[in-house]
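Work through the following exercises with the sequence and the structure at hand. Each task is followed by a solution in steps.

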Amino acid sequence: MNKIQMVDLKGQYEKIKNEINAAIQDVIDHTAFINGPKVNEFSDNLSKYLGGIHVVPCANGTDALQIALMALGLEPGDEVILPVHTYVATAEVIALLRLEPVFVDVHPEYFTIDVNQIVNKISPKTKAIVPVHLYGQCADMEQIMDIASKYNLFVIEDTAQAIGAEYTFSNGKKAFAGTIGHIGTTSFFPSKNLGCFGDGGAMFVQDDEIAKKCMMIANHGQSVKYHHDIIGCNSRLDAIQAAILDVKLKYLDSYCKARQNAAIIYDELLKNVPGISIPKIFNKSTHVYHQYTVILGESIERSKLQAYLIEKGIPTMIYYPVPLHKQKGYQYYNKGESFTVTEMLSKTVLSLPIHTELTRNEQEYIANAIIEFIKLK
Ligand SMILES: *Cc1c(COP(=O)(O)O)cnc(C)c1O
């Protein structure tokens with residue numbers, strides 16, 4: 001058996017090495033490293049994949065969130081609602097733009113923003129909601145869009161962990177994660193479901209004017225060189241990354257499938273194990289399993305389980321061990337509220353290795369080690 005990893009980027013690369021290498025070589029041969037035709041080609045192909053929405057590439061998923069907030073014309077002091085159980089980037093860009101992050105707890109089984117708690121947090125200063133499709137499954141977008149339209153708010157979907165997931169509306173209409181709100185953002189960080197070999201990101205934008213504005217902001221606020229109509233930043237997807245992504249995009253569906261198959265196997269191996277709650281599927285969304293995250297019961301001491309698994313060569317991760325309102329750097333935004341679900345999850349979640357190259361053998365080995373640990377106690 002190979003060494004077990006949280007994500008096997010090398011194994012995935014080996015299978016498409018010739019195609020990837022040729023694509024990289026082609027960029028080098030043309031020396032169009034920044035904003036070359038390859039970047040447009042990839043953006044067009046991703047747009048087609050997502051059903052025709054504008055795709056605006058940028059340097060990383062954090063920038064995508066920042067540029068999205070900038071493009072919507074929010075003013076310092078405006079409030080932006082987000083789940084408190086998420087990666088720091090979601091809150092970071094809000095704070096950086098001198099907007100006010102307003103935290104909302106998450107659903108105890110789906111890990112995404114608890115839609116029943118959003119309305120309570122809306123004030124006259126609220127301008128936007130940023131749902132996060134955490135671990136690969138969509139937040140309840142239909143309800144979020146209804147709230148947003150009632151209160152006249154923008155919606156930015158943080159799709160960094162869920163590219164390729166599909167949401168189904170109550171009328172049966174389906175839409176890809178990131179294409180429902182005013183802007184969707186994603187990350188092409190190497191370990192994401194569609195990852196490049198460095199940093200990369202993109203925005204998915206419905207409206208032509210907002211798309212144009214995102215494009216300008218990502219490129220120093222210009223649409224004509226050296227004419228800066230608005231204040232922007234320097235956030236570009238480089239052509240080598242675009243070339244790699246354009247190859248990998250063709251495999252995205254099969255990558256999603258491979259992760260889903262791995263999840264089915266874990267479910268089967270772990271569903272009856274005492275003290276382990278397997279991930280629950282939200283019936284309005286497909287799950288693309290950026291993470292396979294279980295909740296541990298009180299009888300299992302997480303750090304001891306992790307240490308036991310490490311001894312057996314099995315890495316695990318905690319996403320996220322410290323909720324945002326408890327982060328040192330974010331104390332200014334801690335209003336003394338408690339977020340009971342998020343606080344519980346921060347102590348009990350555990351993400352197991354999941355990736356496109358994981359084998360049934362490896363999963364049986366992982367599950368058996370977990371079961372052994374539970375029996376040993
Ligand atoms: C990875 C991630 C980001 C940030 O993406 P980068 O490309 O690393 O900047 C933002 N939000 C979530 C939920 C993420 O998982």
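**Exercise 1.** Find what lies 2.8 Å from an N or O atom in the side chain of Q161.

Solution. Start at the side chain of Q161: an oxygen atom of the ligand is 2.8 Å from one of its N or O atoms. This is a polar contact, defined as a pair of N or O atoms within 3.5 Å; within protein, one must be able to donate a hydrogen and the other to accept it, and residues adjacent in sequence count only if both atoms are side-chain atoms. Next, take D158, where an N or O atom of the side chain is 2.8 Å from a nitrogen atom of the ligand. Then go to S187, which has a polar side-chain atom 2.7 Å from an oxygen atom of the ligand. Finally, consider the area: the ligand taken alone exposes 380 Å², and the protein buries 92% of that (Shrake-Rupley method, 1.4 Å probe).

The model is predicted: local features need pLDDT of at least 70, side-chain atom pairs count only at pLDDT 80 or more, and totals for chains, interfaces and linings use all residues. Residues are numbered from 1 along each chain as its sequence is written, and side-chain values use heavy atoms, with hydrogens and water left out.

**Exercise 2.** List the residues around the ligand and divide the shell into nonpolar, polar and charged.

Solution. First, collect the residues with a heavy atom within 4 Å of the ligand. They are N60, G61, T62, Y87, A89, V132, D158, A160, Q161, S187, K192 and G200. Second, sort them, with Ala, Val, Leu, Ile, Met, Phe, Trp, Tyr, Cys and Pro as nonpolar, Asp, Glu, Lys and Arg as charged, and the others, Gly among them, as polar. The result is four nonpolar, six polar and two charged residues.

**Exercise 3.** Work out why one side of β12 and of β14 is left without a neighbour in the sheet.

Solution. Begin with the strand order, β12-β13-β14, in an open sheet of three strands with antiparallel pairing. Strands here are DSSP runs (E, at least two residues), numbered from the N terminus, and two strands pair if DSSP finds at least two bridges between them. β12 (276–277) and β14 (349–352) are at the edges with a single partner strand each, so each has one side without a neighbour in the sheet. Then look at the pairing of β13 (residues 292–296) with β14: four bridges join these antiparallel strands. One of the partnerships is that of Y292 with L352 in β14.

**Exercise 4.** Locate the cis peptide bond that leads to Y320.

Solution. The bond runs from Y319 to Y320, and its omega is near 5 degrees. Y320 is in the loop between α10 (302–311) and α11 (340–348), the helices being DSSP runs of H or I with at least four residues.
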